[in-house]
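User: I'd like to learn how to read a structure like this one. Could you walk me through a few features?

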Amino acid sequence: MPLIELVGVHKLYPSGRVALQDVSLSVEEGEFVFLVGPTGAGKSTLLRLLYRDEVPTRGRVHVAGYEVHRLRPGQVPWLRRQLGVVFQDFKLLADRTVYENVAFALRAVGTPPEWIPGRVRAALELVGLEDRADAFPRQLSGGEQQRASIARALANRPRILLADEPTGNLDPDTSWEIVTLLSRINLRGTTVIMTTHNKTVVDILRRRVVELHDGRVVRDEVWGRYARPRAAL
Amino acid sequence: MRGPARLSEPSTAVPEGIPQARPHLRAVLSSAAYLTGEGAVGFWRNGLMSMAAVSAIVAALLAFGGAVVSLWNLEALALRVEAQLVAVAYLREDLSPAQREAARRAAAAIPEVRAVSFVPREQALRRLEEALGGVELAAAVSKNPLPDTLEVYPNRAQDLPRVAEALRSVPYVADVTHGGDATERVLALTRLVRGAGAAVTLAMGAVSVVVSANALRLTVLARKEEVEIMRLVGATSWFVRWPFLVEGLLQGLVAAACASAFWTAFYPWAVARLQQAWPFLPVLPTLRVVPLLVAWLVAAGAFVGLLGAAVSLRRFLAK
């Protein structure tokens with residue numbers, strides 16, 4: 001079965017807003033998927049369903065073998081250990097160094113202390129931050145902060161990396177740097193799902209593109225572009 | 001995994017074959033040590049916040065200690081007053097020593113009776129003389145008009161009416177008195193004092209918990225981001241909770257130490273002052289109060305710190 005699968009998923013927020021309608025989607029292990037669409041189309045909601053920050057109103061969500069839609073709260077941590085999540089605003093702890101930020105995530109899942117230095121170093125090398133291990137987040141550029149947060153997401157060696165607008169706060173060059181990093185991580189076997197508004201990177205990379213509009217999947221292309229070609233409209 | 005048949009099964013939502021990471025004992029111990037350290041570090045790192053929380057708990061524990069000390073002293077006072085409640089049995093005149101002894105034995109055999117003392121009529125007269133301020137009554141009357149009496153002390157003050165009733169059927173007893181209404185009034189007063197003392201103490205305890213929970217909520221809020229990230233990367237609820245519980249416990253214990261130090265110094269001083277001012281007022285001695293009070297404060301501090309932390313964490317872990 002696919003690594004990630006949504007079947008007939010509806011998400012209705014208590015405010016009455018319909019975030020997702022009848023979304024079905026499956027992602028195989030090792031895929032790289034861009035989630036595109038206008039603001040409010042439901043991209044972030046879809047990611048949140050995957051790491052069970054939200055539960056679907058209707059439908060089924062399977063991630064890495066977990067039936068996420070009916071997971072009890074006590075089981076959520078075990079699902080989350082299969083996933084790494086990266087955000088637009090990095091969510092680094094300001095009072096800890098890069099090393100400590102990554103180690104903190106490893107500690108939080110009960111990694112034996114003697115494994116931690118090696119794991120942290122490996123993660124920092126992967127993102128090219130091994131020289132900045134002792135820096136505090138405020139001493140880093142935006143791109144470096146995002147790389148630190150990617151290192152934290154990957155330290156526990158998850159099967160899936162979810163990235164919610166990871167380049168939203170970055171200039172074009174840095175955005176490109178982050179996306180190629182995610183692409184490299186994908187080549188090592190990690191499944192990557194990334195929401196984005198960045199037309200350039202989507203059009204250059206030509207990976208699978210899933211477009212959401214008003215909570216519905218309106219396009220799912222294997223070698224997609226950011227927007228549907230004019231001829232098809 | 002798909003299909004309606006699968007859906008109706010009451011199976012767990014967790015896949016088979018994926019380890020639930022039930023960690024080894026060594027890993028658990030290492031985590032526990034780490035988390036305890038994190039809690040202690042948090043206590044120092046959030047210096048000002050901890051100070052604020054500790055001060056709030058100290059204030060609450062001082063009030064709680066005051067309520068406890070007052071309760072104990074009022075209780076002692078009530079017991080002292082009640083111990084003076086006595087039933088008096090007047091014996092018939094001209095009894096032989098053997099008959100008097102039989103009456104005393106019969107009175108002592110009543111189940112609710114703690115002690116019986118025989119007061120000969122001569123002693124009763126002397127007491128009366130003293131009570132009247134040293135008047136020479138013996139010289140004024142040709143014959144001592146007072147009877148021999150038995151003073152009968154009940155186990156508990158509220159047993160007094162029953163003891164008095166039982167005394168009436170003791171042989172050679174002519175009459176019985178137990179203060180009647182006065183006894184009832186004393187008992188009502190001691191009941192009121194006990195009830196009010198206990199209510200105030202409980203209220204102070206509840207106030208301590210509320211104050212501490214609010215103070216500790218600040219600590220939790222200050223570390224909201226850490227909690228979010230821990231939960232995001234898959235920390236279990238207990239892993240998230242533990243450092244805060246340690247921190248709450250530490251804050252409660254430090255506060256208890258401060259409050260204990262205060263009461264250890266203040267109580268002897270207050271007792272000395274009170275006894276100077278009102279020598280007749282019975283006050284519990286320091287050694288009977290302070291060790292027990294310290295134990296209570298430490299227990300209350302620990303309880304309040306843990307409960308406060310748990311309460312303020314609840315909404316973070318609700319999701």
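**Reading the cores, the sheet and the interface**

Analyst: Happy to! This is a predicted model. Let's begin with the cores: in soluble globular proteins, nonpolar side chains tend to be buried together. Here the largest nonpolar core has 116 residues, and A:V102, A:A151, A:L162, B:I57 and B:L61 have the most contacts inside it. Helix 3 (residues 47-83) of chain B gives the most to this core, with 13 residues.

User: Which residues does B:L61 touch, leaving out those up to four places away in sequence?

Analyst: B:L61 touches B:S208, B:A255, B:A256, B:A259, B:L297, B:A300 and B:G301. There is also a second, separate core of 18 residues, and B:A87, B:V116, B:A157 and B:L167 are among them.

User: How do I read the sheet in chain B?

Analyst: Strands of a sheet pair through backbone hydrogen bonds, either parallel or antiparallel. In chain B, four strands form an open, antiparallel sheet in the order 2-3-1-4. Strand 2 (113-119) and strand 4 (173-177) of chain B each have a single partner strand, so one side of each is left without a neighbour in the sheet. Between strand 2 and strand 3 (residues 149-154) of chain B there are six bridges, and B:V116 has B:V152 as its bridge partner. Helix 4 (residues 97-108) of chain B packs on the sheet, touching strands 1, 2, 3 and 4 of chain B.

User: How many residues of chain A are in contact with chain B?

Analyst: On the chain A side there are 23 residues, in contact with 22 residues of chain B. By class, that side of chain A has twelve nonpolar, five polar and six charged residues.

Technical notes. Residues numbered from 1 in each chain as written. Chains lettered and ligands numbered in written order. Predicted model: local features only at pLDDT ≥ 70, side-chain atom pairs only at ≥ 80, totals over all residues. Contact = placed C-beta atoms within 7 Å. Nonpolar A, V, L, I, M, F, W, Y, C, P; charged D, E, K, R; others polar. Pairing = 2+ DSSP bridges. Helix = DSSP H or I, 4+ residues; strand = E, 2+ residues; numbered from the N terminus. Axes fitted to C-alpha atoms, helices over the stretch in contact; angles between N-to-C directions. Core = buried A, V, L, I, M, F, W, Y, C linked by C-beta atoms within 7 Å. Buried ≥ 20, exposed ≤ 12 C-beta atoms within 10 Å, placed from the backbone.
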